[in-house]
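Work through three short exercises on one protein chain. Try each task before you read its solution.

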Amino acid sequence: ELYNPGSEEIDLLGYTLTDDFEILDKWIFPEIVIPAQGYLLIFASDKNRVFVSENTYLHTNFKINREGERIYLSNPSGIIVDSTPDVYLETDISYGRDSGNPDIWYYYQNATQNTENIGPSLTGIINEQPEFSINGGLFEGTLTLEISSDSNLQIRVTLDGTPPDIQSPVYSASITIDESTVVKARLFREKYLPGPVSSQSYINV
């Protein structure tokens, strides 16, 4: 999404977007204007659509790699006028400039199409998953389960099958299981998006 912070509209005809520094004109904007204080959404979908109507959007001829890829915006003279940082992306998570300081970029849990970035500003994403001392499966009697993290991040756990969130109990000691239970665990860190959920099902026979 592009934003025009100026007091005059910007004609993007001839501007380009690319994910390859060696090919700055990989995708070329059609004749389209961003009004003053206005926004323009472009999908990096590889569908290459340059006609915009009431119910359609611009689509580039390339996709963004979720593992991290820099995107360059160039003017018609081939001069790079802006670019995005090379960062890991999660589904349904947005990454953009701080509305008060455009030099700072944050992750946002809520996308804010056609308006300024708001909500909790997060500095990173946790990619690691907690590890279980015992794999799920059938068991008899009781078992003692331990959960760990190589990075010693905070672990939150649920025993009812729901994904752990910031309100879930913090793991601090081994868990004794004596009935069929679904254990889910997730890593948390202040100012970071929580990591992926680890899950094991233990069936008491």
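The exercises below use a predicted model.

**Exercise 1. A lysine and its surroundings**

Find the strand that holds K184, then work out which partners its side chain has.

Step 1. Locate the residue. K184 is part of strand β21, which spans residues 181–188.

Step 2. Look for a salt bridge. K184 is buried and has none. The nearest side chain of opposite charge belongs to D160, 7.9 Å away. A salt bridge needs the charged atoms within 4 Å.

Step 3. Look for a polar partner. A polar atom of the K184 side chain lies 3.0 Å from the backbone oxygen of G161.

Step 4. List the contacts. Leaving out residues up to four places away in sequence, K184 touches ten residues' worth of neighbours, including R156, G161, P163 and S199.

**Exercise 2. Strand pairing**

Which strands pair with β23, and in which sense?

Step 1. Take β21. It pairs with β23 in the antiparallel sense, over five bridges. Here V183 stands opposite Q200 in β23.

Step 2. Take β16, residues 137–139. Three bridges join β16 to β23, residues 198–204, and the two run parallel. Here F139 stands opposite N204 in β23.

**Exercise 3. A loop glycine**

Is G119 buried, partly exposed or exposed?

Step 1. Place the residue. G119 sits in the loop between β12 (105–108) and β13 (121–122).

Step 2. Read the area. G119 has a relative accessible area of 48%, so it is partly exposed. Exposed would require over 50%.

Step 3. Check a distance. G119 and Y108 are 11 residues apart in sequence, and their C-alpha atoms are 6.8 Å apart in space.

Terms used. Residues are numbered from 1 along each chain as its sequence is written. This is a predicted model: local features need pLDDT of at least 70, side-chain atom pairs count only at pLDDT 80 or more; totals for chains, interfaces and linings use all residues. Side-chain values use heavy atoms; hydrogens and water are left out. Helices (H or I, at least four residues) and strands (E, at least two) are DSSP runs, numbered from the N terminus. Buried means under 20% relative accessible area, exposed over 50%, partly exposed in between (1.4 Å probe, protein chains only). Lys and Arg count as positive and Asp and Glu as negative; His and the chain ends are not counted. A polar contact is a pair of N or O atoms within 3.5 Å; within protein, one must be able to donate a hydrogen and the other to accept it, and residues adjacent in sequence count only if both atoms are side-chain atoms. Contact means heavy atoms within 4.5 Å. Two strands pair if DSSP finds at least two bridges between them.
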